[in-house]
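Me: Got a minute to go through this one with me? I'd like to start with the overall fold and then poke at single residues.
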Amino acid sequence: MSRAETDEAEIEASRAPLMQHLIELRGRLIVCVVAFILAFFVCFYFAAAIQIWLIKPFQAAYALHAAAAATGGHGANPFELIAVTLGLHPLPATTSTDLVLQATGPLEQLFTKMKVAGFGAVVLAFPVLAWQLYKFVAPGLYRNEKGAFLPFLFIAPVLFVIGGALVYFVMLPFVMWFSLSQQIVTEGITVELNTKISEYLSLVTSLMLAFGLCFQLPVVTTLLGMAGIISSKMMSEGRRYAIVAVVVVAAIVTPPDPISQLMLATPLVLLYEISIWCVRLIELRRKKADEAEGLTV
């Protein structure tokens with residue numbers, strides 16, 4: 001029996017009535033909802049600790065900015081800023097006040113905790129959500145497609161974490177330091193940055209989500225290559241247009257400063273090049289498999 005006949009037999013054996021599919025979908029949706037709710041309550045219980053952890057990059061930028069202002073400096077050492085955020089260097093001891101964020105509404109902190117808990121619940125429950133999705137679509141996949149699709153369930157969250165780590169340890173300290181450097185202190189006039197906790201955490205979660213999704217580029221392009229929708233030649237020829245699209249996306253999802261945009265655009269361009277090689281490897285493997293079965297001349 002040829003590979004095509006074997007695949008068709010597998011698909012035919014996995015066919016089920018529509019009502020059975022709907023019942024299975026309902027069951028898997030219930031599992032996803034329960035997993036999300038449980039993760040939400042766990043994250044809400046630790047919401048204050050999560051908030052403090054998310055504020056650490058701002059604290060590092062604030063401490064270094066205050067230390068530089070106390071000594072008459074104006075710039076920040078990028079490596080020191082990253083090292084302090086990573087916890088490799090202690091916070092400067094020259095700061096005169098602690099970082100204070102504002103909550104201007106009676107229930108603002110409660111709603112902020114709920115938003116943080118919701119974001120954390122999606123991250124915490126993602127393995128369950130992804131596994132339920134895979135188990136639902138797996139019966140409709142060929143055996144070789146199952147083996148090729150399953151690794152992406154592990155690669156996708158890893159890339160998301162890498163994107164989030166880039167935001168947390170590199171981008172956020174620089175963005176907040178840049179914001180602090182825009183303050184004005186002159187005789188009789190002071191323009192001071194008083195950040196709301198809800199606005200800051202919305203910025204953090206939005207950037208992490210944007211970077212995490214953008215870092216899924218190799219996963220999306222590889223899956224499209226497996227489906228035969230795109231080819232490595234098509235991607236290579238469209239490289240210049242892809243770079244323009246990357247720059248536009250970076251300008252939209254990041255704060256309006258060139259450093260933040262460069263921090264997103266550079267890794268995305270590198271990931272695009274990696275995606276071309278991933279699709280090329282898929283094409284080579286498909287060609288070798290076809291030659292082994294005599295499907296090509």
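Me: Among contacts between residues at least 6 apart in sequence, what share joins residues at least 24 apart?

Reply: That share is 84% in this chain. Keep in mind that we're looking at a predicted model.

Me: What does the secondary structure come to?

Reply: Twelve helices and two strands. From the N terminus, the order of elements is α-α-α-α-α-α-α-β-β-α-α-α-α-α.

Me: And how much of the chain is buried?

Reply: Buried residues account for 33% of the 297 residues. The chain exposes about 17,900 Å², and carbon and sulfur atoms supply 70% of that area.

Me: OK, helices. How does the span of α11 look against what's expected?

Reply: Helix α11 covers residues 239-253, so 15 residues, and runs 21 Å from first C-alpha to last, close to the 21 Å expected at 1.5 Å a residue.

Me: Which residues of α11 are buried?

Reply: A242, V246 and A250 are buried there. Viewed down the helix axis, the buried residues of α11 fall within an arc of 75°, so they line one face.

Me: Why would residues with that kind of spacing end up pointing the same way?

Reply: An α-helix has 3.6 residues a turn, so residues three or four places apart point the same way.

Me: Then what's exposed on the other side of α11?

Reply: R240, Y241, V244 and I252 are exposed on that side.

Me: Which residues are buried in α8?

Reply: The list for α8 is I197, S198, Y200, L201, V204, T205, L207, M208, A210, F211, G212 and C214. As for its span, α8 takes in residues 197-214, and its 18 residues should cover 26 Å at 1.5 Å a residue; the end C-alpha atoms are 26 Å apart, which agrees.

Me: What is F119 in contact with, leaving aside neighbours within four places in sequence?

Reply: F119 contacts T205, M208 and L209. Two of those, T205 and M208, are among the buried residues of α8. F119 itself belongs to helix α5, residues 108-137, and is partly exposed because its relative accessible area is 22%, while buried means under 20%.

Me: How far is F119 from C43, C-alpha to C-alpha?

Reply: 8.8 Å, with their positions 76 residues apart along the chain.

Me: Switching to α4: what's buried, and what covers it?

Reply: In α4, residues 78-86, the buried ones are L81, A83, V84 and T85. Their cover includes α3 (47-70) and α7. Right after α4 comes G87, which has a positive phi near 85°.

Me: Since α7 came up, where does I155 sit, and is I155 near P218 in terms of C-alpha separation? I mean, what's the distance?

Reply: I155 is in helix α7, residues 152-180. Its C-alpha is 9.6 Å from that of P218, although the two are 63 residues apart along the chain. I155 is partly exposed, at 39% relative accessible area.

Me: What about T221, buried or exposed?

Reply: T221 is buried, with a relative accessible area of 7%. T221 is part of helix α9, residues 217-226. Setting aside neighbours within four places in sequence, T221 touches I230, M235, S275 and V279.

Me: Last topic, aromatics. How many aromatic pairs are there?

Reply: The count is seven aromatic pairs. One of them is F40 with F41, edge-to-face at 6.0 Å centre to centre and 75° between the planes. F41 is exposed, at 54% relative accessible area.

Me: And why is the Y45 and F46 pair classed the way it is?

Reply: The ring centres of Y45 and F46 are 4.9 Å apart with planes at 85°, so the pair is edge-to-face; the cut-off for that class is over 60 degrees. Y45 counts as exposed at 68% relative accessibility, whereas F46 counts as partly exposed at 47%.

Me: Which residues form an aromatic cluster?

Reply: F36, F40, F41 and F44 form one.

Me: Which ring has the charged end of R280 over it?

Reply: The ring of W277, with the charged end of R280 sitting 4.8 Å from the ring centre.

Key. Residues numbered from 1 in each chain as written. Predicted model: local features only at pLDDT ≥ 70, side-chain atom pairs only at ≥ 80, totals over all residues. Heavy atoms only, no water. Helix = DSSP H or I, 4+ residues; strand = E, 2+ residues; numbered from the N terminus. Buried < 20%, exposed > 50% of the residue type's maximum accessible area, 1.4 Å probe, protein only. Phe/Tyr/Trp six-rings, centres within 6.5 Å; stacked < 30°, edge-to-face > 60°. Lys NZ or Arg CZ within 6 Å of the ring centre and 35° of its normal. Expected span 1.5 Å × (residues − 1). Arc of directions from axis to C-beta. Contact = heavy atoms within 4.5 Å. Areas by Shrake-Rupley, 256 points an atom, 1.4 Å probe, with all protein chains shown as cover.
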